[in-house]
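Hi,

Here is the structure I said I'd pass on. Have a look at it first, and then read on for what turned up.

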Amino acid sequence: MTLVFCCPFTFAKSAVTPIGVQAALIKNFTHLITWPKNDQRNAGPTFNICVYNSDSLLEQFENIFSGKVIKGKATTIININSSDLSNCDLAYVAGPSDKPIKSLLASAQALGVLTISSSNGYGEQGVHINFFERGNNIAFELNKKTLDNAGFEVSTQLFRYAKIVQ
């Protein structure tokens, strides 16, 4: 994990797939983020990663996260096509889409679901973590306001390497 944060922008896109890099970063990010208290979700036996708006990404996440443990729980990948995030711990919002993400983000904020994307402008719209390309590398931005408002506690180590958006 230290390597990821000492040199966060050194992942060349040609070495691995962008989604593979994002998945590795997502797994590491979960160690540096404390979720808001939610007794119903915290008591669940699995850590649920929901994929919104992408069947191809769903398959890739199933391959990447199969057998992985996050927050001490086995990881499950769930496909969602609505703003109902009640079974999610983390929602990856694929896009852009013709579907507005406002209701999805409102649901995430209310339920304490971490939202992640890699769509231009989604960080400013309220997605918690948004990946973007910087040259040939993958970087990320954090929306501090929405993270704070949802009750997430984020390590200063993560903020050190992020572009901050409000």
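Before the helix packing, a word on handedness: a crossing is called right-handed if the near helix is turned clockwise from the far one, and left-handed if it is turned anticlockwise by less than a right angle. By that rule, H2 passes H4 in a right-handed crossing. Please keep in mind throughout that this is a predicted model.

How do H2 and H4 sit against each other? Two packed helices are described by the angle between their axes and the distance between the axes. Here the axes of H2 (residues 18-31) and H4 (residues 55-65) come within 11 Å and cross at roughly 55 degrees. That angle makes H2 oblique to H4. On the H2 side the residues that meet H4 are Ile19, Gly20, Ala23, Ile26 and Lys27. Their partners in H4 are Leu57, Gln60, Phe61, Ile64 and Phe65.

Stepping back for the overall picture: the protein has eight helices and 10 strands, and 47% of its 166 residues count as buried. If you take the contacts between residues at least 6 apart in sequence, 61% of them join residues at least 24 apart.

Next, helix H5, which covers residues 102-111. Which of its residues are buried? They are Leu104, Leu105, Ser107 and Ala108. Looking down the axis of H5, these buried residues fall within an arc of 160 degrees, so they line one face of the helix. The face turned away from that buried side carries the exposed residues Lys102 and Ala110. As for what the buried residues of H5 pack against, there are four strands and a helix to pick out: strand E2 (46-52), strand E4 (73-80), strand E5 (90-93), strand E6 (114-117) and helix H6 (122-125). Just after H5 comes glycine 112, with a positive phi of about 75 degrees.

Now the charged pairs. The structure holds two salt bridges. In one of them, the side chains of glutamate 141 and lysine 163 meet at 3.9 Å, N to O. This pair links distant parts of the chain, with glutamate 141 in strand E8 (residues 137-143) and lysine 163 in strand E10 (residues 163-165), 22 residues apart.

Is glutamate 141 buried or exposed? Its relative accessibility is 5%, and the cut-off for buried is under 20%, so glutamate 141 counts as buried. Lysine 163, at 40% relative accessibility, counts as partly exposed. Leaving aside residues up to four places away in sequence, glutamate 141 touches Gly123, Glu124, His128, Ile129, Asn130, Phe132, Lys163 and Val165. So the list of contacts for this buried glutamate includes its salt-bridge partner, Lys163.

The other salt bridge is formed by aspartate 148 with lysine 144, the closest N and O atoms being 2.7 Å apart. Both residues lie in helix H7 (residues 144-150), four residues apart, which is about one turn of the helix. Aspartate 148 is partly exposed, with a relative accessible area of 41%, and lysine 144 is also partly exposed, at 32%.

That's what I have on this one. When you open the model, the H2 and H4 crossing and the buried face of H5 would be good places to begin.

Cheers

Note on methods:
Residues are numbered from 1 along each chain as its sequence is written. This is a predicted model: local features need pLDDT of at least 70, side-chain atom pairs count only at pLDDT 80 or more; totals for chains, interfaces and linings use all residues. Side-chain values use heavy atoms; hydrogens and water are left out. A salt bridge is a side-chain nitrogen of Lys or Arg within 4 Å of a carboxyl oxygen of Asp or Glu. Helices (H or I, at least four residues) and strands (E, at least two) are DSSP runs, numbered from the N terminus. Buried means under 20% relative accessible area, exposed over 50%, partly exposed in between (1.4 Å probe, protein chains only). The arc is that of the directions from the helix axis to the C-beta atoms. Contact means heavy atoms within 4.5 Å. Axes are lines fitted to C-alpha atoms, for helices over the stretch in contact, and angles run from 0 to 180 degrees between N-to-C directions. Angles under 35 degrees count as roughly parallel, over 145 as roughly antiparallel, 65 to 115 as roughly perpendicular and the rest as oblique.
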